[in-house]
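Trainee: Got a minute? I'd like to go through this one with you, helix packing and pockets included.
Mentor: Sure, pull it up.

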Amino acid sequence: MITTAGVSERRTHRRTAPAPGPRRGGVRLPFSAWHLLLAPLALAFAIPLIWLLLSSVMSDAEINRFPPALWPSGIDLGGYQYVLSNAGFPRWFANSLIVSVTAVVANLVFGALGGYAFARMRFAGSRVLLVLILATMVIPFQLTMIPTFLVMKRLGLIDTLGALIIPSLVTPFAVFLLRQFFLSLPRELEEAAWIDGCSRLRVLVRVVLPLSRPALSTVAVLTFLATWNDLTWPLIAINHDTQYTLQLGLATFQGRHHTKWAAVMAGNVITVVPVLLAFLGAQKSFIQSITSSGLKG
């Protein structure tokens, strides 16, 4: 005969029984199993960059050797010295920096103003205007290349840095990304600022923009990358070598000095380093912005 005390004791024993441990013989990795796949892929994508860096400190004889040397016998900085002293690179670097930084600042300012207007303000034709702005993103540059050139020529800006800066002052992507991020922010914060007497512009500057640093970082990085790496438009709008950007100067330099491969590799390293630093510095903000800006459509 089973008593009530026996049943209660069995139930208590079942409840307090220790949870089963890990399976014997299993291997517990100190990292995610996905790293076993991602690490070789990352290495494969990094091989060209590593080879570029190693080649930039080789001599021309080592680079032209067949079979090619996989590791430099010593650090030879002759390519960097030649680039910095004889090829006009400092001027081209400064031109690229001026154009890229100006484009980044302008996109942050105008993109924030336009994105906030489309996110929080309702006016006649706002949705139609937003659709038209976004539609320009699918128009290839080859179709707008000639009209843009004619406009810059009419303004007298051809063969100047202004011809490179003005078409990049604001992009539809900057307006769209910031609008999407502003939509994810709670309206209560802005309403509290309005109650305190803040104007709409002050709300944007004091409340919205400090909360939008991930989106602003993403716009800054992508704008910098697009402007810094642009070759097609400078090739059309710039004629004199003193106005060359780094990409255009590097392309010309490769054509003029095709036998000095160490100098060519050194010039490519100088071109790539700012791009890597910009992306690595804003990597976390970039990912956070992409995940946050997709919350609302």
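Mentor: One term before we start: contact means heavy atoms within 4.5 Å. And keep in mind that this is a predicted model.
Trainee: Okay. Which residues of H5 and H10 meet, then?
Mentor: On the H5 side they are Tyr-116, Ala-119 and Arg-120, and their partners in H10 are Arg-187, Glu-190 and Trp-194.
Trainee: How many of those are charged?
Mentor: Three are charged, three are nonpolar and no polar residue takes part.
Trainee: And at what angle do the axes of H5 and H10 cross?
Mentor: Roughly 100 degrees, and the axes come within 13 Å. Angles of 65 to 115 count as roughly perpendicular, so that is what H5 and H10 are to each other.
Trainee: What about H5 and H11, how are they packed?
Mentor: Their angle is about 100 degrees, with the axes 12 Å apart. H5 and H11 are therefore roughly perpendicular as well.
Trainee: Which residues in H5 does H11 meet?
Mentor: Ala-112, Leu-113, Tyr-116 and Arg-120. From H11 come Arg-200, Leu-201, Val-203, Leu-204, Val-208 and Leu-209. Eight residues of that contact are nonpolar and two are charged, with no polar ones.
Trainee: Switching helices: how do the axes of H9 and H12 cross?
Mentor: They come within 10 Å and cross at roughly 165 degrees. Over 145 counts as roughly antiparallel, so H9 is roughly antiparallel to H12.
Trainee: Is that crossing left-handed or right-handed?
Mentor: The H9 and H12 crossing is right-handed. H9 brings Phe-173, Ala-174, Leu-177, Leu-178 and Phe-181 to the contact, while H12 brings Pro-214, Ala-215, Leu-216, Thr-218, Val-219 and Leu-222.
Trainee: What's the make-up of that contact, nonpolar or charged?
Mentor: Ten of its residues are nonpolar, one is polar and none is charged.
Trainee: New topic, pockets. How much space lies in the largest pocket?
Mentor: About 970 Å³. Its lining has 31 residues, and the ones that lie nearest the centre are Phe-141, Pro-167, Ser-168, Val-170 and Thr-171.
Trainee: Which helices supply at least two residues of the lining?
Mentor: H5, H7, H9, H12 and H13 each do.
Trainee: And how do the lining residues divide by type?
Mentor: The lining has 21 nonpolar residues, nine polar and one charged.

Conventions:
Residues are numbered from 1 along each chain as its sequence is written. This is a predicted model: local features need pLDDT of at least 70, side-chain atom pairs count only at pLDDT 80 or more; totals for chains, interfaces and linings use all residues. Side-chain values use heavy atoms; hydrogens and water are left out. On a 1 Å grid over the protein atoms alone, a cavity is a set of points where a 1.4 Å probe fits but cannot get out, and a pocket is an open set with protein on both sides within 12 Å along at least five of seven lines; lining residues have an atom within 4 Å of a point. Grid points are joined across faces, edges and corners, and a volume is the space filled by probe spheres set on the points. Helices (H or I, at least four residues) and strands (E, at least two) are DSSP runs, numbered from the N terminus. Ala, Val, Leu, Ile, Met, Phe, Trp, Tyr, Cys and Pro count as nonpolar, Asp, Glu, Lys and Arg as charged, and the others, Gly among them, as polar. Axes are lines fitted to C-alpha atoms, for helices over the stretch in contact, and angles run from 0 to 180 degrees between N-to-C directions. Angles under 35 degrees count as roughly parallel, over 145 as roughly antiparallel, 65 to 115 as roughly perpendicular and the rest as oblique. A crossing is left-handed if the near helix is turned anticlockwise from the far one by less than a right angle, and right-handed if clockwise.
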